[in-house]
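User: I would like a close look at one part of this model, the disulfides and what lies around them. Please keep the answer connected and plain.

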Amino acid sequence: LRKAGQPTWRRSRYMFGMAEKEMEYRVDLFNRLTQTCFDKCVEKRYKEAELNMGENSCIDRCVSKYWQASLLILFLFADSFVYLFNCLKFLQLDFIIA
């Protein structure tokens, strides 16, 4: 028998899948951020082994703006998800999430 509060196999599998998707999202976000800011800020012909001050400043600003935009999109998506979840609850269709 299942103990009270213990997640079911189905719910555990769902939670593992969500964690896996979250990790894929974070890796993809990092890769896109790195590529976007590198392409925008670093000169194509390398003159020095280290980044110059202008490139460093550009990368700082680029990463900051990219992160802010990503968080804004995440919050907008989360708000939409909460709205959808509440609608499903209202319509008593919460079996989808269980």
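How many disulfides does the count come to? Please take each one in turn, and then turn to the largest pocket.

Analyst: The model is a predicted one. The count comes to 2 disulfides. With the bonded cysteines counted along the chain, the disulfides follow the pattern 1-4, 2-3.

One disulfide joins C37 to C62, with an S to S distance of 2.1 Å. This pair links distant parts of the chain, since C37 sits in helix α1 and C62 in helix α2, 25 residues apart. The torsion about the S-S bond of C37 and C62 is about -85 degrees, so this disulfide is left-handed. As for exposure, buried means under 20% relative accessible area. C37 has 3% relative accessibility and therefore counts as buried. C62, at 8% relative accessibility, counts as buried because of that value.

The other link is the disulfide that joins C41 to C58, again with S to S 2.1 Å. Here too the pair links distant parts of the chain: C41 belongs to helix α1 and C58 to helix α2, and 17 residues separate them. The link of C41 and C58 is left-handed, with -65 degrees about the S-S bond. Both of these cysteines, C41 and C58, are buried.

Taken by helix, α1 carries C37 and C41, while α2 carries C62 and C58. The pattern 1-4, 2-3 can be read from these pairs: C37 is bonded to C62, and C41 is bonded to C58. In general terms, a disulfide is a covalent bond between the sulfur atoms of two cysteines.

The largest pocket comes next. About 510 Å³ of space lies in the largest pocket. Its lining is made up of 17 residues, and those closest to the pocket centre are M18, E22, Y25, L74 and F77. Two elements give two or more residues to this lining, α1 (9-41) and α2 (53-90). The largest share comes from α1, with 9 residues. By residue class, the lining of the largest pocket divides into 12 nonpolar, 1 polar and 4 charged residues.

The helices α1 and α2 therefore recur in both parts of this account: they are the elements that give two or more residues to the pocket lining, and the link of C37 and C62 runs from α1 to α2, as does the link of C41 and C58.

Note on methods
Residues are numbered from 1 along each chain as its sequence is written. This is a predicted model: local features need pLDDT of at least 70, side-chain atom pairs count only at pLDDT 80 or more; totals for chains, interfaces and linings use all residues. Side-chain values use heavy atoms; hydrogens and water are left out. On a 1 Å grid over the protein atoms alone, a cavity is a set of points where a 1.4 Å probe fits but cannot get out, and a pocket is an open set with protein on both sides within 12 Å along at least five of seven lines; lining residues have an atom within 4 Å of a point. Grid points are joined across faces, edges and corners, and a volume is the space filled by probe spheres set on the points. Helices (H or I, at least four residues) and strands (E, at least two) are DSSP runs, numbered from the N terminus. Ala, Val, Leu, Ile, Met, Phe, Trp, Tyr, Cys and Pro count as nonpolar, Asp, Glu, Lys and Arg as charged, and the others, Gly among them, as polar. A disulfide is a pair of cysteine sulfur atoms within 2.5 Å. Buried means under 20% relative accessible area, exposed over 50%, partly exposed in between (1.4 Å probe, protein chains only).
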